[in-house]
Amino acid sequence: MDTRTRGPSDDGGIEGEELRSFLERVRAALSLEDLESVRVALLGRRGLLSEKLRALGALPPSERAARGERLNGFRREFESALADRRRALEESASEGRLRAAAVDVTLPGRGRRPGSVHPLSRAIDDILRIFQARGFVPVDGPEIEDEEHNFTALNIPPEHPARALHDTFYVPGGRLLRTHTSPVQIRSLEDEGPPLRVLAVGRVYRRDADVTHMPMFHQVEGLWVDEGVSFAVLKGLLTDALQEFFARELPVRFRPSYFPFTEPSAEVDVGCVFCDGKGCRVCKGSGWLEVLGSGLVHPALYRRLGIDPARWSGLAFGLGVERLTMLRDRVSDIRYFYDNDLRFLRSPRGESYVCD
Ligand code: DAH
């Protein structure tokens, strides 16, 4: 056959087939990297065609021209196929990039979920603000207490039955987890002495757990000692503070009670916030909810600390933060405060937390 009449790669031999398979690989390349590896396999320094071209030099001149023409013809064909494929791949790559970068203006926005202050922190902030506005200064006391401050100095001697009312967690070394914030009264009187007006907020611990009790909860303790602090002052202070906390003109009543560290003592009730005093399940039909304990500081506390009860008088009160928050924000189970369930934490204030 006359070689000049044949196309450059028109070789039916095995070599032609092998070279032609590279053309197919070029057309099938799915990426620029694929394409480059086909090119290197054929035309790279150690590529198949490069080696064949290099080998031409060793052929007799009579064969060299024809074979050289055929191999170079194939190389041109291969190079033009490469260029075509490269263009096509580059085009679709840039199209893909454009498509990927496109903004779908019909998608809903991602939005932002604002965080919020935990309901208990919110209540504590409110209580602090309410009492600071009335001259109370925040103070702290230890959560691990001794019996002296938690009980004895509060007029609860070892054999006193009130000790049994507090289901106390004792810790090694004779100390205990404070069962109330009242020991901070003693510490403040020891540290500062009268006159003083302090407010202690903090954790307290009791062996107790159900829908309305946790082994750890928060109390607020107030103590105001000065000359002439009377029961009338106590009534006015707590009535105003409770109405401000609940943001309503709730009825407030003082009911005679007993605490070892106050005399006289009173428990304070507010008109039921669930039924407006008509009587319901929460207030057990009474129309009233008990919200705190209070009284005038017992003279025995002053005497023990060397403070003159004839000169100084004082009021004290203690309240449970969880209970007050449950009533204000209508939380049906104390454990919601500690579950970290976002459905609860996201409920806006005042909405019912009675979720499931
Ligand atoms: N410490 C009391 C308790 O945990 C609450 C209390 C009652 C505190 C009367 C007071 C008070 O300061 O005057 O049950």
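A polar contact here is a pair of N or O atoms within 3.5 Å; within protein, one atom must be able to donate a hydrogen and the other to accept it, and residues adjacent in sequence count only if both atoms are side-chain atoms. Please keep in mind that this is a predicted model, in which local features need pLDDT of at least 70, side-chain atom pairs count only at pLDDT 80 or more, and totals for chains, interfaces and linings use all residues. Residues are numbered from 1 along each chain as its sequence is written, and side-chain values use heavy atoms, with hydrogens and water left out.

**View 1. Polar contacts of the ligand.**
Let us start with the atoms that meet the ligand. An oxygen atom of the ligand sits 3.3 Å from a polar backbone atom of Phe317. Two side chains join in: a polar atom of Ser182 is 2.9 Å from a ligand nitrogen, and one of Gln185 is 3.0 Å from a ligand oxygen. On its own the ligand has 360 Å² of accessible area, and the protein covers 90% of this. Accessible areas come from the Shrake-Rupley method with a 1.4 Å probe; for residues, only the protein chains shown count as cover.

**View 2. The shell around the ligand.**
The ligand is surrounded by 15 residues, of which the closest are His180, Ser182, Arg206, Gln219 and Glu221. A residue is near a molecule or strand if one of its heavy atoms lies within 4 Å of it. By class, the shell holds four nonpolar, nine polar and two charged residues. In this scheme Ala, Val, Leu, Ile, Met, Phe, Trp, Tyr, Cys and Pro are nonpolar, Asp, Glu, Lys and Arg are charged, and the others, Gly among them, are polar. Strands E6 (216-226), E9 (288-297) and E10 (313-320) are the elements that give two or more residues to this shell. Helices (H or I, at least four residues) and strands (E, at least two) are DSSP runs, numbered from the N terminus.

**View 3. Strand E6 and its partners.**
E6 pairs with strand E5 (residues 196-205) in the antiparallel sense over ten bridges, and Val220 in E6 is the bridge partner of Val201. E6 and E10 also run antiparallel, joined by eight bridges; here Gln219 has Gly320 in E10 as its bridge partner. Two strands count as paired if DSSP finds at least two bridges between them. E6 is mostly covered, with nine of its eleven residues buried. Buried means under 20% relative accessible area, exposed over 50%, and partly exposed in between (1.4 Å probe, protein chains only).

**View 4. Helix H8 and the loop after it.**
Pro183, Val184, Gln185, Ile186, Ser188 and Leu189 are buried in helix H8 (residues 183-191). Gln185 deserves a second look, as its side chain has a polar atom 3.0 Å from a ligand oxygen. After H8 comes Gly193, with a positive phi near 75°. The peptide bond from Pro194 to Pro195 is cis, with omega near 0°, and Pro195 belongs to the loop between H8 and E5.

**View 5. Strand E8 between E7 and E9.**
Strand E7 (residues 252-259) and strand E8 (residues 262-271) form a hairpin with two residues between them. Seven bridges join this antiparallel pair, and Phe254 stands opposite Val268 in E8. E8 also pairs with E9, in the antiparallel sense over eight bridges, and Glu267 stands opposite Gly293 in E9. Eight of the ten residues of E8 are buried.

**View 6. Ser265 and the cis bond in E8.**
Ser265 is found in strand E8 and counts as buried because its relative accessibility is 6%. The side chain of Ser265 reaches the backbone nitrogen of Phe259 at 3.2 Å and makes a polar contact of 2.5 Å with the side chain of Thr262. Pro264 lies in E8 too, and the peptide bond to Pro264 from Glu263 is cis, with omega near -5°.

**View 7. Positive phi in the loop between E8 and E9.**
Most residues other than glycine have a negative phi, and most peptide bonds are trans. Asp276, in the loop between E8 and E9, has a positive phi near 55°. Asp276 counts as exposed because its relative accessibility is 55%. Lys284 lies in the loop between E8 and E9 and has a positive phi of about 50°. With a relative accessible area of 77%, Lys284 is exposed.
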